[in-house]
Amino acid sequence: MTTARTLATAARVLRQLRHDPRSIALMLLVPCLMLFLLRYVFDGSPKTFDSIGASLLGIFPLITMFLVTSIATLRERTSGTLERLLAMPLGKGDLIAGYALAFGLLAIVQSTLATGLALWALGLDVTGSPWLLLLVALLDALLGTALGLFVSAFAASEFQAVQFMPAVIFPQLLLCGLFAPRATMQPVLEGISNVLPMSYAVDGMNEVLRHTDVTANFIRDALVVAICALLVLALGAATLRRRTA
(Lines give C-alpha, C1' and ligand atoms only; values in the text may rest on other atoms or scores of the structure.)
Protein backbone atom coordinates (compact mmCIF):
# COMPACT_ATOMS: atom_id res chain seq x y z
CA MET A 1 0.00 0.00 0.00
CA THR A 2 1.09 3.56 -0.71
CA THR A 3 -0.55 6.72 0.56
CA ALA A 4 -0.53 8.42 -2.84
CA ARG A 5 -2.33 5.55 -4.59
CA THR A 6 -4.85 5.18 -1.80
CA LEU A 7 -5.68 8.90 -1.90
CA ALA A 8 -5.90 8.84 -5.69
CA THR A 9 -8.38 5.95 -5.53
CA ALA A 10 -10.47 7.75 -2.91
CA ALA A 11 -10.48 10.95 -5.00
CA ARG A 12 -11.66 9.03 -8.08
CA VAL A 13 -14.53 7.40 -6.16
CA LEU A 14 -15.61 10.77 -4.73
CA ARG A 15 -15.56 12.34 -8.21
CA GLN A 16 -17.83 9.59 -9.47
CA LEU A 17 -20.21 9.93 -6.54
CA ARG A 18 -20.42 13.67 -7.14
CA HIS A 19 -22.23 12.90 -10.39
CA ASP A 20 -24.68 10.55 -8.65
CA PRO A 21 -26.99 12.81 -6.60
CA ARG A 22 -29.43 9.99 -5.84
CA SER A 23 -26.76 7.99 -4.03
CA ILE A 24 -25.63 11.07 -2.12
CA ALA A 25 -29.22 11.77 -1.10
CA LEU A 26 -29.66 8.17 0.02
CA MET A 27 -26.53 8.33 2.17
CA LEU A 28 -26.98 11.76 3.70
CA LEU A 29 -30.69 12.46 3.85
CA VAL A 30 -32.50 9.14 4.29
CA PRO A 31 -31.16 8.44 7.84
CA CYS A 32 -32.20 11.95 8.87
CA LEU A 33 -35.65 11.50 7.31
CA MET A 34 -36.15 8.16 9.07
CA LEU A 35 -35.19 9.65 12.43
CA PHE A 36 -37.54 12.58 11.81
CA LEU A 37 -40.43 10.24 11.04
CA LEU A 38 -39.62 8.08 14.05
CA ARG A 39 -39.67 11.09 16.36
CA TYR A 40 -43.20 12.00 15.36
CA VAL A 41 -44.44 8.42 15.23
CA PHE A 42 -43.78 8.50 18.99
CA ASP A 43 -44.91 12.11 19.36
CA GLY A 44 -47.10 11.25 22.33
CA SER A 45 -44.37 9.16 23.99
CA PRO A 46 -41.02 10.97 23.86
CA LYS A 47 -39.46 8.49 26.29
CA THR A 48 -40.03 5.74 23.75
CA PHE A 49 -38.15 7.77 21.16
CA ASP A 50 -35.32 8.27 23.65
CA SER A 51 -35.12 4.53 24.34
CA ILE A 52 -34.87 3.39 20.72
CA GLY A 53 -33.73 6.54 18.92
CA ALA A 54 -30.11 6.15 20.02
CA SER A 55 -29.99 2.56 18.77
CA LEU A 56 -31.51 3.47 15.41
CA LEU A 57 -29.07 6.36 15.12
CA GLY A 58 -26.44 3.67 14.62
CA ILE A 59 -28.54 1.21 12.64
CA PHE A 60 -29.83 3.58 9.95
CA PRO A 61 -26.34 4.71 8.81
CA LEU A 62 -25.14 1.10 8.77
CA ILE A 63 -28.00 0.05 6.48
CA THR A 64 -27.74 2.97 4.06
CA MET A 65 -23.95 2.73 3.77
CA PHE A 66 -24.27 -1.01 3.16
CA LEU A 67 -26.73 -0.45 0.30
CA VAL A 68 -24.89 2.40 -1.40
CA THR A 69 -21.43 0.88 -1.05
CA SER A 70 -22.44 -2.57 -2.30
CA ILE A 71 -24.24 -1.16 -5.34
CA ALA A 72 -21.59 1.44 -6.20
CA THR A 73 -18.77 -1.10 -5.93
CA LEU A 74 -20.70 -3.65 -7.97
CA ARG A 75 -21.11 -1.10 -10.75
CA GLU A 76 -17.35 -0.76 -10.91
CA ARG A 77 -16.95 -4.53 -11.02
CA THR A 78 -19.54 -5.08 -13.77
CA SER A 79 -18.39 -2.09 -15.85
CA GLY A 80 -14.84 -3.41 -15.93
CA THR A 81 -13.37 -0.51 -13.97
CA LEU A 82 -11.97 -2.75 -11.24
CA GLU A 83 -10.65 -5.11 -13.89
CA ARG A 84 -8.67 -2.30 -15.51
CA LEU A 85 -7.44 -0.99 -12.15
CA LEU A 86 -6.21 -4.42 -11.12
CA ALA A 87 -4.23 -4.62 -14.36
CA MET A 88 -2.29 -1.54 -13.23
CA PRO A 89 0.50 -1.51 -10.64
CA LEU A 90 -2.04 -0.84 -7.90
CA GLY A 91 -2.20 -3.03 -4.82
CA LYS A 92 -5.39 -4.56 -3.49
CA GLY A 93 -4.78 -2.74 -0.24
CA ASP A 94 -4.63 0.59 -2.09
CA LEU A 95 -7.94 -0.13 -3.78
CA ILE A 96 -9.86 -1.30 -0.75
CA ALA A 97 -8.40 1.45 1.45
CA GLY A 98 -9.25 4.05 -1.17
CA TYR A 99 -12.85 2.90 -1.38
CA ALA A 100 -13.11 2.73 2.41
CA LEU A 101 -11.64 6.23 2.75
CA ALA A 102 -14.01 7.75 0.18
CA PHE A 103 -17.12 6.18 1.66
CA GLY A 104 -15.76 6.78 5.16
CA LEU A 105 -15.63 10.53 4.51
CA LEU A 106 -19.26 10.41 3.45
CA ALA A 107 -20.02 8.33 6.54
CA ILE A 108 -18.58 11.11 8.72
CA VAL A 109 -20.89 13.67 7.11
CA GLN A 110 -23.85 11.31 7.34
CA SER A 111 -23.27 10.46 11.00
CA THR A 112 -22.74 14.11 11.92
CA LEU A 113 -25.99 15.18 10.23
CA ALA A 114 -28.04 12.36 11.78
CA THR A 115 -26.58 12.83 15.27
CA GLY A 116 -27.01 16.61 15.16
CA LEU A 117 -30.61 16.28 14.01
CA ALA A 118 -31.48 13.72 16.68
CA LEU A 119 -29.89 15.64 19.56
CA TRP A 120 -30.57 19.29 18.79
CA ALA A 121 -33.63 19.28 16.54
CA LEU A 122 -35.57 16.20 17.64
CA GLY A 123 -34.68 16.39 21.33
CA LEU A 124 -33.11 12.96 21.80
CA ASP A 125 -32.21 12.83 25.49
CA VAL A 126 -28.97 11.00 26.25
CA THR A 127 -27.06 10.92 29.53
CA GLY A 128 -23.58 10.59 28.02
CA SER A 129 -21.56 12.77 25.71
CA PRO A 130 -22.95 13.52 22.22
CA TRP A 131 -19.42 12.93 20.89
CA LEU A 132 -19.56 9.32 22.06
CA LEU A 133 -22.91 8.93 20.30
CA LEU A 134 -21.34 10.33 17.14
CA LEU A 135 -18.37 7.98 17.49
CA VAL A 136 -20.57 4.89 17.59
CA ALA A 137 -22.73 6.16 14.71
CA LEU A 138 -19.57 6.67 12.65
CA LEU A 139 -18.22 3.22 13.49
CA ASP A 140 -21.57 1.71 12.49
CA ALA A 141 -21.52 3.56 9.17
CA LEU A 142 -17.96 2.35 8.52
CA LEU A 143 -19.07 -1.19 9.33
CA GLY A 144 -21.87 -0.85 6.79
CA THR A 145 -19.31 0.38 4.25
CA ALA A 146 -17.06 -2.60 4.90
CA LEU A 147 -19.95 -5.07 4.61
CA GLY A 148 -21.06 -3.46 1.36
CA LEU A 149 -17.58 -3.72 -0.14
CA PHE A 150 -17.40 -7.36 0.87
CA VAL A 151 -20.77 -8.60 -0.41
CA SER A 152 -20.41 -6.79 -3.75
CA ALA A 153 -17.95 -9.53 -4.74
CA PHE A 154 -20.71 -12.15 -4.60
CA ALA A 155 -23.40 -10.33 -6.60
CA ALA A 156 -23.72 -10.36 -10.38
CA SER A 157 -26.22 -7.49 -10.57
CA GLU A 158 -27.48 -4.56 -8.52
CA PHE A 159 -30.66 -6.52 -7.81
CA GLN A 160 -28.60 -9.33 -6.31
CA ALA A 161 -26.66 -6.81 -4.23
CA VAL A 162 -29.93 -5.58 -2.71
CA GLN A 163 -30.94 -9.19 -2.07
CA PHE A 164 -27.99 -9.56 0.30
CA MET A 165 -29.71 -7.23 2.75
CA PRO A 166 -32.13 -9.90 4.06
CA ALA A 167 -29.19 -12.28 4.47
CA VAL A 168 -26.67 -9.90 6.03
CA ILE A 169 -28.61 -7.08 7.69
CA PHE A 170 -32.06 -8.35 8.69
CA PRO A 171 -30.86 -11.19 10.99
CA GLN A 172 -28.64 -8.72 12.82
CA LEU A 173 -31.51 -6.26 13.07
CA LEU A 174 -33.77 -8.86 14.66
CA LEU A 175 -31.13 -10.18 17.07
CA CYS A 176 -29.33 -6.97 18.08
CA GLY A 177 -31.54 -6.29 21.10
CA LEU A 178 -33.61 -3.52 19.53
CA PHE A 179 -36.91 -5.40 19.78
CA ALA A 180 -36.21 -7.47 22.90
CA PRO A 181 -33.31 -7.71 25.38
CA ARG A 182 -30.83 -10.26 24.12
CA ALA A 183 -30.72 -11.96 27.53
CA THR A 184 -34.41 -12.88 27.17
CA MET A 185 -33.96 -14.58 23.79
CA GLN A 186 -33.89 -18.32 23.22
CA PRO A 187 -30.34 -19.40 24.26
CA VAL A 188 -29.26 -20.38 20.75
CA LEU A 189 -30.40 -17.03 19.36
CA GLU A 190 -28.71 -15.21 22.23
CA GLY A 191 -25.48 -17.03 21.41
CA ILE A 192 -25.75 -16.00 17.76
CA SER A 193 -26.47 -12.39 18.73
CA ASN A 194 -23.30 -12.35 20.82
CA VAL A 195 -21.15 -12.70 17.70
CA LEU A 196 -23.01 -10.21 15.50
CA PRO A 197 -21.45 -6.73 15.28
CA MET A 198 -24.78 -4.87 15.21
CA SER A 199 -25.47 -6.20 18.73
CA TYR A 200 -22.42 -4.36 20.01
CA ALA A 201 -23.38 -1.24 18.05
CA VAL A 202 -26.74 -1.15 19.84
CA ASP A 203 -25.11 -1.94 23.20
CA GLY A 204 -22.65 0.91 22.69
CA MET A 205 -25.45 3.36 21.95
CA ASN A 206 -27.32 2.20 25.05
CA GLU A 207 -24.22 2.76 27.18
CA VAL A 208 -24.13 6.40 26.04
CA LEU A 209 -27.87 6.65 26.63
CA ARG A 210 -27.59 5.55 30.28
CA HIS A 211 -24.14 6.54 31.59
CA THR A 212 -22.44 9.90 31.90
CA ASP A 213 -18.91 8.50 31.76
CA VAL A 214 -17.09 6.22 29.36
CA THR A 215 -17.65 2.72 30.68
CA ALA A 216 -15.63 -0.44 30.13
CA ASN A 217 -18.60 -1.92 28.30
CA PHE A 218 -18.67 1.06 25.93
CA ILE A 219 -14.98 0.66 25.13
CA ARG A 220 -15.52 -3.05 24.49
CA ASP A 221 -18.51 -2.41 22.23
CA ALA A 222 -16.74 0.27 20.20
CA LEU A 223 -13.64 -1.90 19.79
CA VAL A 224 -15.70 -4.88 18.63
CA VAL A 225 -17.46 -2.81 15.96
CA ALA A 226 -14.16 -1.27 14.80
CA ILE A 227 -12.36 -4.63 14.67
CA CYS A 228 -15.25 -6.22 12.77
CA ALA A 229 -15.11 -3.41 10.21
CA LEU A 230 -11.36 -3.92 9.73
CA LEU A 231 -11.74 -7.69 9.41
CA VAL A 232 -14.49 -7.33 6.82
CA LEU A 233 -12.36 -4.83 4.89
CA ALA A 234 -9.53 -7.37 4.86
CA LEU A 235 -11.92 -9.99 3.52
CA GLY A 236 -13.08 -7.49 0.91
CA ALA A 237 -9.49 -7.00 -0.22
CA ALA A 238 -9.17 -10.77 -0.60
CA THR A 239 -12.14 -10.80 -3.01
CA LEU A 240 -10.49 -8.29 -5.34
CA ARG A 241 -9.20 -10.30 -8.25
CA ARG A 242 -9.02 -10.18 -12.00
CA ARG A 243 -11.76 -12.16 -13.71
CA THR A 244 -9.79 -12.56 -16.91
CA ALA A 245 -6.23 -13.59 -17.56
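Helices here are DSSP runs of H or I with at least four residues, numbered from the N terminus. In this predicted model, V30 lies in helix α3.

**Helix α3 and residue V30**

Helix α3 covers residues 30–41. Its twelve residues, at 1.5 Å a residue, should span 16 Å, and the end C-alpha atoms are 16 Å apart, so expectation and model agree. The buried residues of α3 are P31, C32, L35, L38 and R39. Viewed down the axis of α3, these buried residues fall within an arc of 125°, and therefore they line one face of the helix. Their cover includes α2 (21–28), α4 and α6.

V30 has a relative accessibility of 27% and so counts as partly exposed, since that class runs between the 20% limit for buried and the 50% limit for exposed. With neighbours within four places in sequence left aside, V30 is in contact with A25 and T64. V30 and R210 are 180 residues apart in sequence, and their C-alpha atoms are 27 Å apart in space.

**Helix α2**

In α2, the buried residues are S23, M27 and L28. Down the axis of α2 they fall within an arc of 115°, so they too line one face of their helix. P21 and R22, on the other side of α2, are exposed. The packing partners of the buried α2 residues are α1, α3, α4 and α6.

**Residue S111 in α6**

S111 has its place in helix α6. Is S111 buried or exposed? Its relative accessible area is 1%, so S111 is buried. Apart from neighbours within four places in sequence, S111 is in contact with L134, A137, L138 and A141.

**Pockets**

Rolling a probe the size of a water molecule over the atoms shows where empty space is left. The two pockets described here are set out below by volume, by the helix that gives the most to the lining, and by residue class.

| Pocket | Volume | Main contributor to lining | Lining by class |
|---|---|---|---|
| Largest pocket | About 300 Å³ | α11, six residues | five nonpolar, five polar, seven charged |
| Second largest pocket | About 200 Å³ | α4, five residues | five nonpolar, four polar, three charged |

The largest pocket holds about 300 Å³ of space. It is lined by 17 residues, of which G177, V202, D203, N206 and R210 are the closest to its centre. Two or more lining residues come from each of α4 (46–79), α11 (197–210) and α12 (216–239).

Which residues line the second largest pocket? They are V13, Q16, L17, H19, D20, A72, T73, R75, E76, S79, Y99 and F103. Helices α1 (3–18), α4 and α6 (92–121) each supply at least two residues of this lining.

Helix α4 thus recurs in several parts of the description. It gives two or more residues to the lining of the largest pocket, and it gives the most to the lining of the second largest pocket. Helix α4 is also among the elements that cover the buried residues of α3, and the buried residues of α2 pack against it. Helix α6 likewise supplies at least two residues to the lining of the second largest pocket, and is among the elements covering the buried residues of α3.

Definitions and conventions:
Residues numbered from 1 in each chain as written. Predicted model: local features only at pLDDT ≥ 70, side-chain atom pairs only at ≥ 80, totals over all residues. Heavy atoms only, no water. 1 Å grid on protein atoms, 1.4 Å probe; cavity = no way out; pocket = protein on both sides within 12 Å on 5 of 7 lines; lining within 4 Å. Points joined across faces, edges and corners; volume = space filled by probe spheres on them. Nonpolar A, V, L, I, M, F, W, Y, C, P; charged D, E, K, R; others polar. Expected span 1.5 Å × (residues − 1). Buried < 20%, exposed > 50% of the residue type's maximum accessible area, 1.4 Å probe, protein only. Arc of directions from axis to C-beta. Contact = heavy atoms within 4.5 Å.
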